[in-house]
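Student: I would like a close look at the strands of this model and how they pair. Please add what is needed to judge how far the picture can be trusted.

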Amino acid sequence: MALPETPDSNLIDYIDEEDFITVEIPLEVNGERLDKVLASCLPDYSRNRLKAWVEAGAVMVDGKVTKARHLLRGGESIKVFPQELPEQFAFSPEEIGLDVVYEDESIIVVNKPPGLVVHPAAGNWTGTLLNALLFRYPELKNLPRAGIVHRLDKDTSGLMVVARTAHAQTALVRQLQDRTVGRRYLAWVWGETPSQGKVLATVGRDQRDRLRMAAGSAQGKPAATSFRRLAKGIFDSSPSALLECRLETGRTHQIRVHLESLGFPIMGDPVYRKKTPGAAKNLPFARQALHAYSLSLQHPVSMNTMTWFRLPPEDLMTLLHLVGMTPEDLPTEAATLHSIDSQ
């Protein structure tokens, strides 16, 4: 049996290096059950656990979810997404309210609130967006990660797309790989920022603190973030700014890490705080001030370009006023939404 290989760096940004194991099945494995072969390839995991992962959709054979009793022909490529908790807990449907912006037979666009974890993981095995999706759309149990193809940090709010079919998921993954999905964020930051700029710096695990990411890491992946200043503000004599950020890549914590590396940490960020002024301790805001307000993509079936916008949630609108800004300082699309909502 072939040993697990290092993940391909060309896979979508959603999947971090530690998230999956790849197993290449030799040609002589013909007619054997998937669960039996996995048990031989991955002896560190029990056969029952591997079988549970297969049934939960956490194992893909040549890019497709299948059953534990599936007979292999040999030569397949298998990807295993290890789950540290039995799937009957981590992948259970839960009735959690969702703000669905758009849905059809192929895709779902949701406006994620702050505080909602996207995918079950250590410390947050339940109460996630995935659990909510499985409750509202039971058919998603047949797709890897319930159709989720990208993510937002727990305390970042905003727009996300989820696939409802294998075809749609493949198409969305390709768009993410090709960097054709348009993602625009609003970020409230500390400091005197330039009117516009672009950060080109790798993002990878901080070797001194595995819970953080670091910019310019030799082991990191290439990352690019463009930004423009929408407005200047001030709080407790400390300058601030509202930035519109555009992602060209989608690394973990990318915007937060990139802006901190420039000396413009995001307001309320509990992790990336270098050059945060003393005024921050008086700011009544307890999460990173980051909102994915715009999402655009090519529909996987109609091939039409579709774009959605969503206003920042109430806490960010309050922050807008706290630092001396107004809704008119938001991008035109968001300001228009605010005007409509106010009528």
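Tutor: What follows goes through the strand pairings, then a helix, and then the confidence of the model.

The model is predicted. Its chain has an average pLDDT of 87, and 89% of the residues reach at least 70.

Start with the open sheet, in which four strands are arranged in the order E1-E4-E2-E3 with antiparallel pairing. The edge positions are taken by strand E1 (21–24) and strand E3 (64–65); each has a single partner strand, so one side of each is left without a neighbour in the sheet. Within this sheet, three bridges connect strand E2 (residues 59–61) with strand E4 (residues 77–80), in the antiparallel sense. One position can be read off directly: methionine 60 has lysine 79 of E4 as its bridge partner. As background, strands of a sheet pair through backbone hydrogen bonds, either parallel or antiparallel.

Further along the chain, strand E12 (residues 224–235) pairs with strand E9 (residues 196–200) through five bridges, again in the antiparallel sense. Here leucine 200 has alanine 224 of E12 as its bridge partner. E12 is also joined to strand E13 (residues 238–247), by ten bridges, and these two strands run antiparallel. In that pairing, phenylalanine 227 lies opposite cysteine 245 of E13. E12 and E13 form a hairpin with two residues between the strands, and aspartate 236 has a positive phi there, near 55 degrees.

A helix can be set beside these strands. Helix H6 (residues 254–261) has seven of its eight residues buried, so it is largely enclosed by the rest of the structure. The buried residues of H6 include the hydrophobic-named positions Ile255, Val257 and Leu259, and also Gln254, Arg256, His258 and Glu260. Glycine 263, just after H6, has a positive phi of about 90 degrees.

Confidence is uneven along the chain. Strand E6 (residues 107–112) has the highest value, at 98, whereas helix H3 (residues 87–90) has the lowest, at a mean of 55. Two stretches call for separate mention. Over residues 1–18 pLDDT stays under 50, and the model has 45 contacts beyond four places in sequence for them. Residues 338–343 also stay under 50, with four contacts beyond four places in sequence.

Definitions and conventions
Residues numbered from 1 in each chain as written. Predicted model: local features only at pLDDT ≥ 70, side-chain atom pairs only at ≥ 80, totals over all residues. Heavy atoms only, no water. Pairing = 2+ DSSP bridges. Buried < 20%, exposed > 50% of the residue type's maximum accessible area, 1.4 Å probe, protein only. pLDDT = per-residue confidence, 0-100. Contact = heavy atoms within 4.5 Å.
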